[in-house]
Amino acid sequence: LSQSNPRPLLPAGTETVLYSFNTTDGAEPIAGLIFDAAGNLYGTTWEGGDYGYGTVFQLAPENGGWTEKVLHSFNDDGTDGYHPYAGLILDAVGNLYGTTVGGGAAGFGTVFQLKPGLAGAWTETLLLSFNENGKGGYNPYSGLIFDAAGNLYGTTLSGGAHGRGIVFQLVPPGAKGKWKERVLHSFSSNDGG
C-alpha cells in the first residue's frame, strides 16, 4: 500500500481455455455453466450440434484436462426445442432442466428435461411446449429455478393476457404423468412488462 495508491496490487490472473467448440459439437455458448457433485460442468450452446440448432454439453475433468461430450443436439422437427439461450439447472438425482426459445409442438419454445441413463446416454423429455394461444407465454429466454416441492418456475418474453410475457410454474407430474403449467402473472405496461 502507498499513499498515492491505497489499494493493494493484485497479481495478474491467468486464463485457461478448458474447451474450444467447433460447430459440430456446439457454437455460441451464451449461458453460464453449472457443476455437479462429481465436478462435471454442464452448459448449452445457441447453435451447432448435429442439426445446427444448439446443444447441451458436458465437460468432464480427465487427466488434468477436460473432455467434452454432447448430451443432446436440438432439432427443428416439431418434436424438439431449439436455440437454448439460458443455462441449466440440476435436480438432486442428476436430471438437467432448461428452456429453448423456439421449437416444440407449436414452434414457440420449450421446457425440457435431460435424464442420465445407462452407458452415458441421456434421454430428453419435453415438459412443456409453449404456444401463441393468448393465454400462456412463449419464447422463454430465461432459465428455470426449483422450489423445495420440486416445482419449476420461469418467465417468457412474449405472450400472456397482455402479450408482454408471463411468470409460469410447472408442477411435477402426479398420477397422470404430465407436468402442469400455471400462469402466475401476465405482465402488462402497468408493471414494467
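Select Thr55 first: this residue is buried, with a relative accessible area of 0%. The model on the screen is a predicted one. Thr55 lies in strand E3. Now show the side chain of Thr45 as well. A polar contact of 2.7 Å joins the side chains of Thr55 and Thr45.

**Strand E2**

Thr45 leads to the next selection, residues 41-45, which make up strand E2. How many of the 5 residues of E2 are buried? The count is 5 of 5, and the strand is described as mostly covered. Colour the two faces separately. Leu41, Gly43 and Thr45 are on one side, Tyr42 and Thr44 are on the other, and both faces are covered.

**The neighbours of E2**

Keep E2 selected and add residues 55-62, which are strand E3. E2 and E3 pair in the antiparallel sense over 5 bridges. To find one of these places, pick Leu41: its bridge partner in E3 is Leu59.

Next add residues 34-35, strand E1, which pairs with E2 over 2 bridges, again in the antiparallel sense. Which residue of E2 stands opposite Ile34? It is Tyr42. Follow the chain from E1 to E2 and you pass through a hairpin with 5 residues between the strands. Within this hairpin, stop at Gly39, which takes a positive phi near 90°.

Now show the whole sheet. It is an open sheet of 4 strands in the order E1-E2-E3-E4, with antiparallel pairing. Strand E4 covers residues 65-73, and E1 and E4 are the edge strands, since each pairs on one side only.

**Aromatic rings**

Turn to the rings next. Select Tyr19, Phe21 and Phe57: ring pairs link these residues into a cluster.

Across the whole structure there are 11 aromatic pairs. One of them is formed by Tyr85 and Tyr141, with 5.0 Å from centre to centre and 75° between the planes, an edge-to-face arrangement. Where do these two residues lie? Tyr85 is in the loop between strand E5 (81-82) and strand E6 (89-90), while Tyr141 is in the loop between strand E11 (137-138) and strand E12 (145-146). The pair therefore ties together parts that are 56 residues apart in sequence. Are the two tyrosines buried or partly exposed? Tyr85 is partly exposed, with a relative accessible area of 36%, and Tyr141 is partly exposed too, at 34%.

**Two nonpolar cores**

The last stop is the interior. In soluble globular proteins, nonpolar side chains tend to be buried together. Select Tyr97, Val111, Leu127, Leu144, Leu152, Phe168 and Leu170: of the 13 residues in the largest nonpolar core, these touch the most other members. Strand E10 (122-129) and strand E15 (166-171) each supply at least two residues of this core. The largest share, 3 residues, comes from E15.

Centre the view on Leu127. Leaving aside neighbours within four places in sequence, Leu127 is in contact with Tyr97, Val111, Phe112, Gln113, Leu152, Leu170 and Trp179. Apart from the largest core lies another one, of 10 residues, among them Leu71, Phe74, Phe112 and Leu114. Select those four to end the tour.

Note on methods. Residues numbered from 1 in each chain as written. Predicted model: local features only at pLDDT ≥ 70, side-chain atom pairs only at ≥ 80, totals over all residues. Heavy atoms only, no water. Buried < 20%, exposed > 50% of the residue type's maximum accessible area, 1.4 Å probe, protein only. Pairing = 2+ DSSP bridges. Polar contact = N/O pair within 3.5 Å; in protein donor to acceptor, adjacent residues only side chain to side chain. Phe/Tyr/Trp six-rings, centres within 6.5 Å; stacked < 30°, edge-to-face > 60°. Core = buried A, V, L, I, M, F, W, Y, C linked by side-chain atoms within 4.5 Å. Contact = heavy atoms within 4.5 Å.
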